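Student: I should like a close look at one part of this structure, namely the enclosed space inside the protein. Please treat the matter in one connected account.

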Amino acid sequence: MTLKKKQSSTTKRIAKIKQLRKQEPSATEIVKGIVEGDKAHLARAITLIESSNQNHSKKAHQIIEASLSKRTASIRIGITGVPGVGKSTFIEAFGKMLTGLGKKVAVLAVDPTSSLSKGSILGDKTRMELLAKDPNAFIRPSPSSESLGGVARKTRESIILCEAAGYDIILVETVGVGQSETVVHGMVDFFLLLKLAGAGDELQGIKRGIMEMADGVVINKADGANKVEADKAKIEFTSALHLYPAKDNNWYPKVLTCSAIQNEGITNVWEMITEFTNLATKSLSFDKNRIKQNQNWFVETVNDKLYHNFYNDELVKTELNKLLLEIEENKISPFFAAKKLLKLKESP
Ligand code: GDP
């Protein structure tokens with residue numbers, strides 16, 4: 001072979017390798033990669049879940065279906081608290097402690113406002129720098145979607161993939177200022193509220209009902225001059241929590257203090273969660289809760305689909321606009337208009 005011919009065959013071979021690299025792996029290949037613990041495959045699959053492209057959704061579904069039977073038993077922990085309370089500092093310390101115990105930790109986020117406010121939680125790669133570098137941790141920012149329902153679905157599906165990848169601790173972070181905590185509460189086994197000492201709930205922007213959802217409250221920044229205040233707040237919150245009835249499994253939410261930045265009190269939080277899961281497993285409420293969550297997820301998915309299909313129907317769109325106009329002109333009552341619109345999609 002002449003030198004020229006040799007060079008051209010090498011160039012062709014390199015081009016082919018490059019092309020193969022560019023080719024998207026199949027759903028089966030991605031699942032294989034996920035199960036083998038390849039973070040790139042896991043990240044790629046989550047990107048498919050988050051995509052609005054129909055072909056991507058189809059592939060994402062195949063991956064999720066195939067991953068369901070491959071899941072590791074996990075503990076799903078929701079972590080909420082207002083911005084600045086120290087969520088990312090806490091998750092870094094907590095996550096590192098867990099990987100130190102041999103656990104595999106995945107961190108996901110539910111932050112439906114991130115695309116609007118750009119203040120995305122987990123969006124900034126420099127947050128949780130140590131945990132991000134840990135081979136036994138996987139961090140994924142919140143999907144940027146404007147609807148809470150959409151973000152919730154994507155996060156739930158991502159949980160399944162993380163479990164198939166062998167992550168046995170799933171942390172779901174959310175900002176405790178809106179509806180997203182309720183949604184996260186509905187997808188986790190343990191719900192942790194991070195608080196600060198010395199400021200009322202209203203001042204901290206904590207909505208009513210969040211305390212009621214919490215399985216554990218941790219007062220962060222219990223260090224320096226703040227330590228005394230934090231200990232006082234612990235006593236106050238403990239008595240406030242006693243006003244709520246015990247949870248299904250007879251669990252009384254606990255209040256702890258910690259300093260995420262100084263890595264103090266972090267193991268106590270894990271001990272509390274272990275105590276909770278032991279109790280919940282014994283009383284079968286752990287599995288019952290997951291079944292209830294799956295049932296809710298099923299109903300929500302059906303509702304979403306019905307809603308989407310109905311409002312995206314061309315006939316419905318046209319008739320809806322007509323009826324809105326008729327209501328404006330007082331030609332029809334809202335109830336009759338609703339009946340008329342719904343009748344459009346009723347089967348004969
Ligand atoms: P997030 O918005 O809830 O994620 O809060 P960050 O983790 O970003 O923390 C907000 C600020 O509080 C940062 O300046 C942290 O360094 C600081 N911080 C976090 N945890 C602690 C703590 O335990 N003690 C003290 N003193 N500061 C902390």
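Which residues line the second largest cavity?

Tutor: The model is a predicted one, and the account below should be read accordingly. The second largest cavity is lined by Ile46, Glu50, Leu108, Ala109, Arg140, Pro141, Pro143, Lys154, Thr155 and Ser158. Its space amounts to about 40 Å³.

Three elements each supply at least two residues of this lining: α3 (39-50), β2 (105-110) and α8. The largest share comes from α8, which gives three residues. Sorted by class, the lining of the second largest cavity holds five nonpolar, two polar and three charged residues. Among the charged members of the lining are Glu50, Arg140 and Lys154, while Thr155 and Ser158 count as polar.

This cavity is one of two of 30 Å³ or more that a search of the whole structure finds. The other, the largest cavity, has a volume of about 90 Å³. Arg76, Arg156, Ile159, Ile160, Gly186, Met187, Arg290, Gln293, Asn294 and Trp297 form the lining of the largest cavity. Here α8 (148-164) and α13 (285-311) each provide at least two residues, and α13 makes the largest contribution, with four residues. The lining of the largest cavity is made up of four nonpolar, three polar and three charged residues. Helix α8 thus appears in both descriptions: α8 supplies at least two residues to the lining of the largest cavity and at least two to that of the second largest.

A further part of the structure to consider is the surroundings of the ligand. The shell around the ligand has 15 residues, of which Gly84, Lys87, Thr89, Arg127 and Asp223 come nearest. By class, this shell comprises five nonpolar, six polar and four charged residues.

Several contacts involve oxygen atoms of the ligand. A polar side-chain atom of Ser88 is placed 2.9 Å from a ligand oxygen atom, and for a polar side-chain atom of Ser259 the corresponding distance is 3.4 Å. With Ile261 the contact is made by the backbone: a polar backbone atom of Ile261 is 3.2 Å from an oxygen atom of the ligand. The ligand taken alone exposes 580 Å², and the protein buries 69% of that area.

Conventions:
Residues numbered from 1 in each chain as written. Predicted model: local features only at pLDDT ≥ 70, side-chain atom pairs only at ≥ 80, totals over all residues. Heavy atoms only, no water. 1 Å grid on protein atoms, 1.4 Å probe; cavity = no way out; pocket = protein on both sides within 12 Å on 5 of 7 lines; lining within 4 Å. Points joined across faces, edges and corners; volume = space filled by probe spheres on them. Near = heavy atom within 4 Å. Polar contact = N/O pair within 3.5 Å; in protein donor to acceptor, adjacent residues only side chain to side chain. Areas by Shrake-Rupley, 256 points an atom, 1.4 Å probe, with all protein chains shown as cover.
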